[in-house]
Amino acid sequence: MGSYIVKRLSLTVPLLFIISLLTFVLINLSPLDPAVVVLQAQEIPEITDELIAETRAELGMDKPFIIQYLNWALDCLRLDFGDSYVTGETVWSSIAPAFLNTLKLTFVSSVCIIVLSIALGVICALREGKIADRSIRGISFFLTAMPSYWLASIMIWYFSVKLDLLPTSGMDSYKSYILPVIVITVSYAGIYFRTVRSSMISNLNEDYVLYGRASGLSEKKITMHILRNSLQVAISIFCMAIPIILGSTVVIENVFAWPGLGRLSVKSILSRDFPIIQAYVLILAAAFVAFNTFSDIVNAAMNPKLRKDI
Amino acid sequence: MNILEVEHLKLWDANRNKVIIHNSSFHLKQGSCLAIVGESGSGKSVTCRAIMRLNKAWIRQSGDILFKGENLNHLTEKEMRKRRGKNLCLILQNGMRAFDPSCVVGVHLKETLAEHFGWSKSETEQRMKKAMESVMLKDPLEIMNKYPHQLSGGMLQRVMIALAIVLEPDIIIADEPTTALDTISQYEVVEQFTKLRERWGCSMIFISHDLGVVKKVADDVLVMKDGVIVERGNIHAVFSEAKHEYTNYLVSSRLALSSRFKKIMGEEM
């Protein structure tokens, strides 16, 4: 198991290298000259060619492309993502608190999604075809089909405006979490509980369940065996879901004015603040790699067959 | 004396409203081996699972299943669970799939023995070791620490037999235990079954469609076709003078196969 973890972790190094290279190349493919963006942001009335050349030198853009990349990548390793073109402050100082806020929202939502998906999936699988199973699937289908921004608006109108129970936006107290978490949970749990359900149903028909029953094992023990095997699929999906939620909070954060990464990224895209966009893409991609690796390791711990396949 | 008497067993699929077994009655004598033969879908497995009440929820059953005079059909689920494994022990066809793939084989053995006898880990290991050695499994402790995919089908089959030896059940129900095995493992497993009978004298129901194996292990035989028992009796009687044409067909096709085999072998030698 130890050697598996080492091998799996070493695979992430080339992956992270490729991601960083792609991020850098794609941003640099933009037709806009960063130097012009910086000068425009500083509201300089007359942008001369001289000024542009000067700024380019300041940003290190007169050097060869590969040197530029290496400088940037090495700085990123020290969590130095450069300075914002617009505010002039370091990217880290604006992205770190926003990232933390998004992480808080993602964490609370993910816990709700995972708990709800497993609970509903198990209930539906054990009552396959019965009323509980059918009604849960029906309701979840209805809720998942609703666009999250629409559901969010309806909930703000009802709970915050009409009943005045919860804040409409911002991040002030635990109450601010309730609405965004519900909206995110509703749109994802409805998808993920189906995976848990179908995986459990296919395990229920396995021979080891029959043999366990035939050996006189208690239903509780048998259910634990079924869960252990069915959750393997679910765990990898959950681990991949966390970065997806992290990235897709853009909509929710804008609706609820959550001071997170999603809002910051939209703001930066509109003002063409390249260093922040670059850092945002890189952080999200690294999160994907990290969670994917984590899910592989957890799965290998649960499923002995996977350990040798590397 | 009969250890098991099945009277008017009827099984039907409640979802599709289809009768699977119409009206089966048979008995198993103490210490004897009853073989059930027939093609796939003839109702062999479903009959045996009905005895253990292990069929899917939508397969309903009626009739009497008397085990030592006690009607298993009337027991509560909890009482029935105590009989499973301890009194009635099932051995499945595919050893590879009979054990939880994400646990080592020993986990199932320990859980089963803890459930029925409350034995500790070391006691389980000690008893299993003895039983596994008796079915020719070398390094029992190592096998118990292996995952199912690391062992062969024949080995897992013998682990199941070893568990049955430790459980000392009144009846062993073997559901096509040799079908998924290659010829050599098949031979070894059949050997263990005959030994099991000689040494422990336990009663057995042996489902198979391999008449050669059946002839080696069983005393009596039931021939099933489309959910109906078409022929029954002593194994030699049934094999030599079958009354039903289906049995005749089974026996003659087996003879045709083996005579051709013998002829080829004779010519080459």
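## Chain A: overall organisation

Chain A contains twelve helices and zero strands. Read from the N terminus, its elements follow the succession α-α-α-α-α-α-α-α-α-α-α-α. The model described here is predicted. Taken along the principal axes, the C-alpha atoms of chain A fill a box of roughly 85 × 60 × 30 Å.

## Domains of chain A

Two domains are assigned in chain A: domain 1 covers 2-77 and domain 2 covers 95-306. Their C-alpha centres are 33 Å apart. The contact between them draws 15 residues from domain 1 of chain A and 13 residues from domain 2 of chain A.

On the side of domain 1 of chain A that touches domain 2 of chain A, the elements giving two or more residues are helix H1 (2-28) and helix H2 (34-41) of chain A. H1(A) gives the most to this side, with eleven residues. Sorted by class, this side of domain 1 of chain A comprises eleven nonpolar, three polar and one charged residues.

## Packing of H5 and H11 in chain A

Helix H5 (residues 91-126) of chain A packs on helix H11 (residues 261-270) of chain A at an angle of about 135 degrees, and the two axes are 7 Å apart. With this angle, H5(A) is oblique to H11(A).

H5(A) brings A:Ser94, A:Ile95, A:Ala98, A:Phe99 and A:Thr102 to the contact, where they meet A:Leu261, A:Gly262 and A:Leu264 of H11(A). The class composition of the contact of H5(A) with H11(A) is five nonpolar, three polar and no charged residues.

## The sheet of chain B

Chain B has an open sheet of six strands with mixed pairing, in the order E6-E7-E8-E3-E9-E10. Its edge strands are strand E6 (88-91) and strand E10 (228-234) of chain B, each of which pairs on one side only. On average, and with direction ignored, neighbouring strands of this sheet are turned by 15 degrees against each other.

Within the order of this sheet, E3 and E9 of chain B are adjacent. Strand E3 (residues 33-37) of chain B pairs with strand E9 (residues 220-225) of chain B in the parallel sense, over four bridges. B:Val37 stands opposite B:Val223 in E9(B).

## Packing of H4 and H7 in chain B

H4(B) and helix H7 (residues 153-167) of chain B have axes that come within 11 Å and cross at roughly 15 degrees. Because of this angle, H4(B) counts as roughly parallel to H7(B). The crossing of the two helices H4(B) and H7(B) is right-handed.

From H4(B), the contact is made by B:Val105, B:Leu109, B:Thr112, B:Leu113 and B:His116. From H7(B), the residues are B:Val159, B:Leu163, B:Val166 and B:Leu167. The residues of the contact of H4(B) with H7(B) divide by class into seven nonpolar, two polar and no charged.

## Interface between chains A and B

Between the chains, 22 residues of chain B are in contact with 19 residues of chain A. On the side of chain B that touches chain A, two or more residues come from each of helix H2 (77-83), helix H3 (95-98) and helix H4 (105-117) of chain B. H4(B) gives the most to this side, with four residues.

The side of chain B that touches chain A has eight nonpolar, six polar and eight charged residues. H4(B) thus appears in two settings: it contributes to the side of chain B that touches chain A, and it packs with H7(B) through a contact that has no charged residues.

Conventions
Residues are numbered from 1 along each chain as its sequence is written. Chains are lettered from A and ligands numbered from 1 in the order in which they are written. This is a predicted model: local features need pLDDT of at least 70, side-chain atom pairs count only at pLDDT 80 or more; totals for chains, interfaces and linings use all residues. Two residues are in contact if their C-beta atoms, placed from the backbone, lie within 7 Å. Ala, Val, Leu, Ile, Met, Phe, Trp, Tyr, Cys and Pro count as nonpolar, Asp, Glu, Lys and Arg as charged, and the others, Gly among them, as polar. Axes are lines fitted to C-alpha atoms, for helices over the stretch in contact, and angles run from 0 to 180 degrees between N-to-C directions. Angles under 35 degrees count as roughly parallel, over 145 as roughly antiparallel, 65 to 115 as roughly perpendicular and the rest as oblique. A crossing is left-handed if the near helix is turned anticlockwise from the far one by less than a right angle, and right-handed if clockwise. Domain bounds come from an automatic or database domain assignment. Two strands pair if DSSP finds at least two bridges between them.
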